[in-house]
Amino acid sequence: MNRKALDELKQQIPLLDYLQAHDWQAARSIRGGRLMGLCPLHTDHKPSFLVDPGQNLFYCYGCARGGDVIRFAELYHQVKFPQAVALLREWCGVTPLLEEVTNFYRMQLSRHREAVAYLEQRGLHEPEVIEHMRIGYAPGRCLRAWLNQLGYPLSTLRQAGLVDTAGCDAYSHRIVFPLEGNLYGRSILDSVAPHRFLPAGKGGLCAWEQVRRSPEIILVEGLFDYAMLWQAGFHNVTCSLGNHLNARQFLQLCDGSRTVYLAFDADANGSGQSAAQQISRRLWSQSVTARYLAAVRKWSLQIAKISSASVRSSSRSVGFVR
Ligand SMILES: [Zn+2]
């Protein structure tokens, strides 16, 4: 990529837009239209991150790093320059495309009885949670035609991983949850590969912007656990999509003072519980209070059966232990 193409890419993505799309918020404005906020690159307790939207540059007084949007993407996603450029190019093109795909799948959900029945069988029935999580369904047909008609060629859909080599919907017969720059699909059939993501990374914690100011946060590993808790009235829940946190998700949990309750699966092999213990120790080492929910088999289903009010008042006695 030559200098001119790089300059064009930087013009296409204003640094502030990119930061905001990754949950950054300014704490205050300073002289010259510049902004200060918490640094997304290190565990920051007072705003040390300076953004100059006019110059499209940033500098952190805490970790002494700065530069343009490409430098930010390198540091934030922990990748080298060429990968950062590729991520930014993809971000420009993929974000509007995924928005269209999400809209299409959401329209399909109520039209397919098997999808609604699957959600009900998993305990999800409140329209509010389906709306909040923007849950959709991939019926396995019409996606390509719909996107073609919106001007997206087959090559773009293949590149994004939305269709397979034969041009068929890659999420066929899956309940689909939109994520930041990705889609999670859960097969409603007995499938050998029940889970599906696009090749892009899993991004940060789910709905982070909506919970980050909460003094107590519940962290779960799966989106169905998230949905169950949200439906039961626990709106201070977030999800890591697996029991391993990426660097960004860990930084998010450490970016303020709060208590994190880890409610991971009680798998037979104990992997969820040991991951929760390990994350808990790492959080304590960053001065974040962490507690994990003692092994309760199928705890999320149990929670769904109890009314949200009684769970709220008895959450301490349910067994949150360190
Ligand atoms: Zn910093």
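The following paragraphs describe the overall form, the cores, one sheet and several local backbone features of a predicted model.

The protein contains 14 helices and 14 strands. Its C-alpha trace extends over about 55 × 50 × 35 Å along the principal axes. A compact globule of 322 residues would have a radius of gyration near 20 Å, and the value for the protein, 21 Å, agrees with this expectation. Of the 322 residues, 34% count as buried. When contacts between residues at least 6 apart in sequence are considered, 55% of them join residues at least 24 apart.

The domain assignment divides the protein into domain 1 (3-91), domain 2 (97-197) and domain 3 (208-304). Between the C-alpha centres of domain 1 and domain 3 the distance is 28 Å. To the contact between these two domains, domain 1 contributes 7 residues and domain 3 contributes 8 residues. On the side of domain 1 that touches domain 3, there are 3 nonpolar, 2 polar and 2 charged residues.

In soluble globular proteins, nonpolar side chains tend to be buried together. In the present model, the largest nonpolar core comprises 60 residues, and the members that touch the most others are Ile218, Leu229 and Leu262. Domain 2 (97-197) and domain 3 (208-304) each supply at least three residues to this core. A second core, separate from the largest one, has 19 residues, among them Leu35, Val51, Ala84 and Leu87. The surroundings of Ile218 can be given in detail: apart from neighbours within four places in sequence, Ile218 is in contact with Leu229, Phe234, Asn236, Val237, Tyr261 and Ala263.

Helix 11, which covers residues 247-254, is mostly covered, with 6 of its 8 residues buried. The buried residues of this helix are Arg248, Gln249, Leu251, Gln252, Leu253 and Cys254. They pack against four elements, namely helix 3 (69-77), helix 9 (208-211), strand 12 (259-263) and helix 12 (271-285).

Strands of a sheet pair through backbone hydrogen bonds, either parallel or antiparallel. One open sheet of the model consists of 5 strands in the order 1-2-3-4-5, and its pairing is antiparallel. Strand 1 (28-30) and strand 5 (66-67) form the edges, each pairing on one side only. Strand 1 is joined to strand 2 (residues 34-37) by 3 bridges, and the two run antiparallel. Within this pair, Ser29 has Leu35 of strand 2 as its bridge partner. Leu35 is also one of the residues of the second core.

Further along the sheet, strand 3 (residues 49-52) and strand 4 run antiparallel and are joined by 4 bridges. Here Val51 is placed opposite Phe58 of strand 4. Val51, like Leu35, is included in the second core. The hairpin formed by strand 3 and strand 4 has 4 residues between the strands, and Asn56 in this hairpin takes a positive phi near 60 degrees.

Strand 4 (residues 57-60) shows an alternation of its side chains: Phe58 and Cys60 point to one face and are buried, whereas Leu57 and Tyr59 point to the other face and are not buried. Strand 4 also pairs with strand 5 in the antiparallel sense, over 2 bridges. In this pairing Tyr59 stands opposite Gly66 of strand 5. The hairpin of strand 4 and strand 5 has 5 residues between the strands, and Ala64 there has a positive phi near 55 degrees.

Most residues other than glycine have a negative phi, and most peptide bonds are trans. Two further residues with a positive phi occur in loops between named elements. Gln78, which is not a glycine, has a positive phi of about 55 degrees. Gln78 is located in the loop between helix 3 and helix 4 (81-109). With 13 other C-beta atoms within 10 Å, Gln78 is partly exposed. Cys142 is likewise not a glycine, and its phi is positive at about 80 degrees. The loop that holds Cys142 lies between strand 6 (136-138) and helix 7 (143-149). Cys142 has 12 other C-beta atoms within 10 Å and is therefore exposed, since a residue is assigned to this class if 12 or fewer such atoms are present.

Conventions. Residues are numbered from 1 along each chain as its sequence is written. This is a predicted model: local features need pLDDT of at least 70, side-chain atom pairs count only at pLDDT 80 or more; totals for chains, interfaces and linings use all residues. A nonpolar core is a set of buried Ala, Val, Leu, Ile, Met, Phe, Trp, Tyr and Cys residues joined through C-beta atoms within 7 Å. A residue is buried if 20 or more other C-beta atoms lie within 10 Å of its own, exposed if 12 or fewer, and partly exposed in between; C-beta atoms are placed from the backbone. Domain bounds come from an automatic or database domain assignment. Ala, Val, Leu, Ile, Met, Phe, Trp, Tyr, Cys and Pro count as nonpolar, Asp, Glu, Lys and Arg as charged, and the others, Gly among them, as polar. The radius of gyration is taken over C-alpha atoms; the globule rule is 2.2 Å times the number of residues to the power 0.38. Two strands pair if DSSP finds at least two bridges between them.
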